[in-house]
Amino acid sequence: MKLSGCNFHGITVIVFVMLGINSTSAMTKFNVLNFGANPNGRTDSTDGFLKAWNAACGSADSSFIYVPKGRYLVGSLEFKGKCRSPEIIIRIDGTIVAPLDYGVLGKSRNWFSFEGVTGVSLTGAGTFDAKGPSLWACKASHSNSCPSGATTLSFTNSNNIRINGLTSLNSQMFHIVINGCKNVHIQGVKIIAASNSPNTDGIHVQLSTNVEIFSTSIKTGDDCISIGPGTKNLWVEQVSCGPGHGISIGSLAKDLKEEGVQNVTVKKTTFSDTQNGLRIKSWARPSTGFVEGVRFTDSLMRNVQNPIVIDQNYCPRNENCPGQVSGVKIKDIMYTDIRGTSSTPVAIKFDCSTKNPCTGIKLQNVNLTYLNRAAESFCSNVVGKAVDLVRPSSCL
């Protein structure tokens, strides 16, 4: 392969000529430094990042945005399609830092927001540092003046998205949100926040199809992965979680008319000192929602409060749900090769709806202990079966 290029007006055009093939493909490179971004960590680089995006988005060629090593102070940004460029690769090797005043981001819903884009890849060894602890402290003080906070990285109504190798540190709220997207691949990502950080879900997926999450480490204060309504064909593999609230489908039944969750695979996961392991939860409210075709396989639990749990009576603060039952229909859920330790006596809890009992629940090769002895199971309104070795003794 022969590499040739030229530079003009801060833009590099790279042409790859493949030996033996009478064709060329062009990729235009945009360095944020050439658009006014400053790597000193003090100068506002928001406009430089946006100008680099606009240039890449408007290019007729595939585009490459480069963020070199350094620290970049960046405020809230919206990257919108539809782009002329068929592919945009954003390589981040530096650290992107939020303003010290948490209100600058906190009043926005998102920090880096991508909407209506296609073929965008975020890659590199860089970090998003949202400086969330000051906002968390405000919320812990129960002050009414605290903003809700911003999601660090959001993709909405977008297709063919890749996120690889980056770190999200101390997000104000959710770290990564995938909403209304198709064909998303996340791999090698690190997510870090304190165990007491509020609403800092690691990766949230909803209304999205064909999402893959591989080889990712999540340490946070809420769900490591939360799976919302309208999620279809989700594959999660080799994810470590802890601290955090586990991997959760739900909460569902927040709204009466709600899309279902189907065809979810979670395998080769490790949970360490988490509140939950593998959880499905729905509000105790009427809903058109459902969960079906879920496979939880090959999970290791280390001192997990609730290793396996289905909770259809979720009613935090007893608001808008007392006296009601969940309308969510849960069926065809399989737990296979789940092992490790529970930090509470009840390691398996199926608390299903009296109106819509859980059906087709299967436990196979489950071995969970509590204080070096057999743990307990709890079942309510659930129909299923246990196969091969199952400890604690199944109440199915």
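This passage looks at one helix and at the cysteines of a predicted model.

A good place to start is helix α1, which runs over residues 46-57 and has twelve residues. From its first C-alpha to its last, helix α1 reaches 17 Å, close to the 16 Å expected at 1.5 Å a residue. Several of its residues are buried, and the list opens with Thr 46, Gly 48 and Phe 49. Ala 52, Trp 53, Ala 56 and Cys 57 are buried in α1 as well.

Cys 57 leads on to the disulfides. A disulfide is a covalent bond between the sulfur atoms of two cysteines. In this model the count comes to five disulfides, taking a pair of cysteine sulfur atoms within 2.5 Å as the rule. Three of them are described here, beginning with the one that involves helix α1.

Cys 57 forms a disulfide with Cys 83, and the two sulfur atoms are 2.1 Å apart. This pair links distant parts of the chain, since Cys 57 lies in helix α1 while Cys 83 sits in the loop between β7 (77-80) and β8 (88-92), 26 residues apart. The torsion about the S-S bond of Cys 57 and Cys 83 is about -105°, so this disulfide is left-handed. The surroundings of the two partners can be read from their accessibility: Cys 57 has a relative accessibility of 10% and counts as buried, whereas Cys 83 is partly exposed, with a relative accessible area of 24%.

A second disulfide joins Cys 138 and Cys 146, with sulfur atoms 1.9 Å apart. The link of Cys 138 and Cys 146 is left-handed, with -95° about the S-S bond. Here Cys 138 is buried at a relative accessible area of 8%, and Cys 146 counts as buried at 18% relative accessibility, because buried means under 20%.

Next comes the pair of Cys 224 and Cys 241, whose sulfur atoms are 2.1 Å apart in a disulfide. The torsion about the S-S bond of Cys 224 and Cys 241 is about 80°, so the disulfide is right-handed. This pair, too, links distant parts of the chain: Cys 224 belongs to the loop between β20 (209-219) and β21 (225-227), and Cys 241 to strand β22 (residues 232-241), 17 residues apart. Cys 224 is buried, with a relative accessible area of 0%, and Cys 241 is buried at 2%.

Cys 181, by contrast, is in no disulfide. The nearest cysteine sulfur to that of Cys 181 belongs to Cys 83 and is 14 Å away. Cys 181 is buried, with a relative accessible area of 1%.

How values were computed: Residues are numbered from 1 along each chain as its sequence is written. This is a predicted model: local features need pLDDT of at least 70, side-chain atom pairs count only at pLDDT 80 or more; totals for chains, interfaces and linings use all residues. Side-chain values use heavy atoms; hydrogens and water are left out. Helices (H or I, at least four residues) and strands (E, at least two) are DSSP runs, numbered from the N terminus. The expected span of a helix is 1.5 Å times one less than its number of residues. Buried means under 20% relative accessible area, exposed over 50%, partly exposed in between (1.4 Å probe, protein chains only).
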